[in-house]
Amino acid sequence: MTTDRTSVTIGLSTRPGTAGPSGDAAVVHTLADQTTAAAVVDGIGHSERVSSVATLLAEVAARVAARRGALAGLLSAGELVADPEAEEEPEPDAVAVAAVTGPGDDTTRIAWVGDARAWGWDGTRLHQYSTDQTMGQFLRAHGDVAAEIAEHHDAWVRASLATAVVATVREAEIPDRLVLLTTDGIHDTVDHAEFEALVRAHADHPQALTDALTAAAREGRSGERDDATAVALLHLSASTG
């Protein structure tokens, strides 16, 4: 009997910005049964402390997600930065997205908080599966405001790891063969047409794709280039018998 079994190939790339130490971090963790979890964290601010904490958060999120799911991964990471009485002010905070998939899975399960994003590519089109938890997106959904006002408010996140609870961490499933996780250093500065063209050109080569996406990141409205991080998870099918 011949059956199809999927495996997951990973690409991961991160590029520091120009504002100081990178606050981005990404970790991929694979269990013995080949369940694979990826976490991308975008620390708020640029300092050595933010950079260190972001790396810790990504490690915890990925490791817990592989065992307990993407939601549990993000909530566990959030417990590390949720001390309301922290002596050092302010305690570092971050936004994040996590994804989990495994051999034989035809979907990838994601969870996110803030404006880190998850995308899927089905071979024809690039679709954004996450919805930014920002004040700008809130205004677009619930108010009749000018585009420039909504854009201005995109800088304010409405949820983060430090405030994450079950009700504020969003979840979804992506049925596509290729899944991407990005920080805003990429998706805020690379327009959708260019983003999609890069995915189309490198869809079968996850590392080349993530390298191309981080290389394409540009300066934002502030004149600084933000940290840029991308993870790609590509499902590959193989026949066994």
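Two residues are in contact here when they have heavy atoms within 4.5 Å of each other. With that in hand, welcome to this predicted model: among contacts between residues at least 6 apart in sequence, 68% join residues at least 24 apart. The protein has 7 helices and 10 strands, and 47% of its 241 residues are buried. About 11,400 Å² is exposed, with carbon and sulfur atoms supplying 50% of that area.

**The open sheet**

- Let's start with the sheet: 5 strands make it up, in the order β2-β3-β4-β5-β8, with antiparallel pairing, and the sheet is open.
- The edges are held by β2 (24–30) and β8 (170–174); each has a single partner strand, so one side of each is left without a neighbour in the sheet.
- On average, neighbouring strands of this sheet are turned by 15° against each other, direction ignored.
- If you zoom in on β3 (residues 36–43) and β4 (residues 94–101), you will find an antiparallel pairing over 8 bridges.
- One of the residues to look for there is glycine 43, whose bridge partner in β4 is alanine 94.
- Helix α2 (residues 70–78) lies across β4, β5 (108–113) and β8, and runs at about 30° to β5.

**The largest nonpolar core**

- This core has 28 residues, and the members that touch the most others are Val41, Leu57, Leu74, Val113, Leu161 and Val169.
- At least two core residues come from each of β2, β3, α1 (48–68), α2, β4 and β5.
- Helix α1 gives the most, with 8 residues.
- Valine 113 makes a handy viewpoint: leaving aside neighbours within four places in sequence, its contacts are Leu74, Val95, Ala96, Gln133, Ala159, Ser160, Leu161, Thr168 and Val169.

**A second core**

- Apart from the largest core lies another one, of 20 residues, which include Trp119, Phe195, Ala217 and Ala228.

**Helix α6 and its two faces**

- In α6 (residues 192–202), the buried residues include Phe195, Glu196, Leu198 and Val199.
- These four residues cover an arc of only 160° around the axis, which puts them on the same side of α6.
- The face turned away from that buried side carries Ala193 and Ala201, both exposed.
- On the inward side, the buried residues of α6 pack against β6 (117–121), β7 (126–128) and β9 (178–182), as well as against helices α5 (184–187) and α7 (206–216).
- Phe195 is worth a second look, as this buried residue of α6 is also among the members of the 20-residue core.

Key:
Residues are numbered from 1 along each chain as its sequence is written. This is a predicted model: local features need pLDDT of at least 70, side-chain atom pairs count only at pLDDT 80 or more; totals for chains, interfaces and linings use all residues. Side-chain values use heavy atoms; hydrogens and water are left out. Buried means under 20% relative accessible area, exposed over 50%, partly exposed in between (1.4 Å probe, protein chains only). Accessible areas come from the Shrake-Rupley method with a 1.4 Å probe; for residues, only the protein chains shown count as cover. Two strands pair if DSSP finds at least two bridges between them. Axes are lines fitted to C-alpha atoms, for helices over the stretch in contact, and angles run from 0 to 180 degrees between N-to-C directions. A nonpolar core is a set of buried Ala, Val, Leu, Ile, Met, Phe, Trp, Tyr and Cys residues joined through side-chain atoms within 4.5 Å. The arc is that of the directions from the helix axis to the C-beta atoms.
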